[in-house]
Amino acid sequence: MNITELTFIISAGVFALIASAVLTAVVRKLAIASGFADMPGHRKVHTRPIALGGGIAIFLTVVAPLGILCVSVLAMTPDVAEKLLGGTFASHLPGLKERAPQLLIFVLAATILHITGLIDDRKALGPKVKLAVQLLAALLLATAGNIRFDFFIESYALRVLLSVVWIVIIINSFNFLDNMDGLSAGIAAIAGSIILFAAIASGQVFVGCFIAMVVGSLIGFLFYNFNPASIFMGDAGSLLVGLFMAVASVKTTYYSAEGSSPRYAALMPLIVLAVPLYDFFVVVVIRLLQGKSPFVGDKQHFSHRLTNHGMSQRTAVLTIYLTTAVTGLGATILHQVSTFGMILIFVQTIMILVLIGILEYTGKTIEPKG
């Protein structure tokens, strides 16, 4: 990857950050004026109405520009591209044209999830409806969108199945994480930054630009969402964020098919997203053991368990940020280490999660602060 391409990726991230910050401020003002707010409740940690609609700003920052880009690319000629945007962009135009139809599928799937989330934020749709929409979007992406795992698996049907399951799990993992100020967006920004590193290292300009836009949009949103939050992303945002992370983790190349890096580098997304996955599976198990639906919200998440041990909401969120960074950073060197080194990194990740579990379920539970 040359300096021009790297600059292009960084510029995409900076643009998204600024656009997200501005749009979030506008959406927040409009949400307050229209009464589009999240009210306090039995499973909510806030005690006053908070503006909803942060997901709209994230959608307008990431998905809308990608849709406009697709339409523009399909209509653009090389001469026009070079005249308007320079030779470097023009050289990528054939690749963009080739990927534009698949990108349009992604835009369609993201739009479907976003609209579903908006409806749910207004009037709860129920977990079955949301899960059905997620499965539809994931299947659309894994087939027509060509967003699926392709390494090591010969069976097309099995690749599609594994990809659909992965996409749905990651969507729900970040939807589950949207339970405390700045939590879902912050973890996605940290994990996304680590995946962005892998995309840049493997020379993926298009994927790198997309991830940079996602990370930038999340940071811009966090200006207003970090504790004490003045706006929430709602399901219209958390479903999108989960989709973004699922797509980024699938489309990023972690290893070289020619053997310049080991195949086990493909374990990177599992390690980078270890904390969201930990929270998702532990909460599901807890709810099932209690005879509850795994998709009905409560206050038994990782963040809630930390506040139950005396942490403030802000400290709990920062602790989970740190845990995400610690587990994720080890994944950045998977492509460089030996098999033994890979085993050590994987075992270290498991040990960190086990240590968290021990700390969570021992000691005296007290009334949470903040």
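This is a chat about helix packing, the nonpolar core and the cysteines in a predicted model.

Biologist: Let's start with α1 and α2. At roughly what angle do they cross?

Modeller: Roughly 145 degrees, with the axes of α1 (residues 3–34) and α2 (residues 54–75) coming within 8 Å.

Biologist: And is that crossing left-handed or right-handed?

Modeller: Right-handed.

Biologist: Which residues make the contact?

Modeller: From α1 you have Ala16, Ala19, Ser20, Leu23, Thr24 and Val27. On the α2 side there are Gly54, Ile56, Ala57, Leu60 and Thr61.

Biologist: How do those divide into nonpolar, polar and charged?

Modeller: Seven are nonpolar and four polar, with no charged residues in the contact.

Biologist: OK, switching to the largest nonpolar core. Which residues touch the most other members?

Modeller: Phe106 and Phe210, in a core of 106 residues.

Biologist: Which helix gives the most to this core?

Modeller: Helix α8, residues 205–225, which puts in 13 residues.

Biologist: Back to Phe210, then. What does it touch, leaving out residues up to four places away in sequence?

Modeller: Phe210 touches Val62, Leu66, Phe106, Phe244, Val247 and Ala248. So Phe106 and Phe210, the pair touching the most other core members, also touch each other.

Biologist: New topic: cysteines. How many disulfides does a search of the whole structure find?

Modeller: Zero.

Biologist: What about Cys70, buried or exposed?

Modeller: Buried, because its relative accessibility is 2%, and the cut-off for buried is under 20%.

Biologist: And why does Cys209 count as buried?

Modeller: Because Cys209 has 9% relative accessibility, which is also under that 20% limit.

Definitions and conventions: Residues numbered from 1 in each chain as written. Predicted model: local features only at pLDDT ≥ 70, side-chain atom pairs only at ≥ 80, totals over all residues. Heavy atoms only, no water. Axes fitted to C-alpha atoms, helices over the stretch in contact; angles between N-to-C directions. Helix = DSSP H or I, 4+ residues; strand = E, 2+ residues; numbered from the N terminus. Left-handed = near helix turned anticlockwise from the far one by under 90°. Contact = heavy atoms within 4.5 Å. Nonpolar A, V, L, I, M, F, W, Y, C, P; charged D, E, K, R; others polar. Core = buried A, V, L, I, M, F, W, Y, C linked by side-chain atoms within 4.5 Å. Buried < 20%, exposed > 50% of the residue type's maximum accessible area, 1.4 Å probe, protein only. Disulfide = S-S within 2.5 Å.
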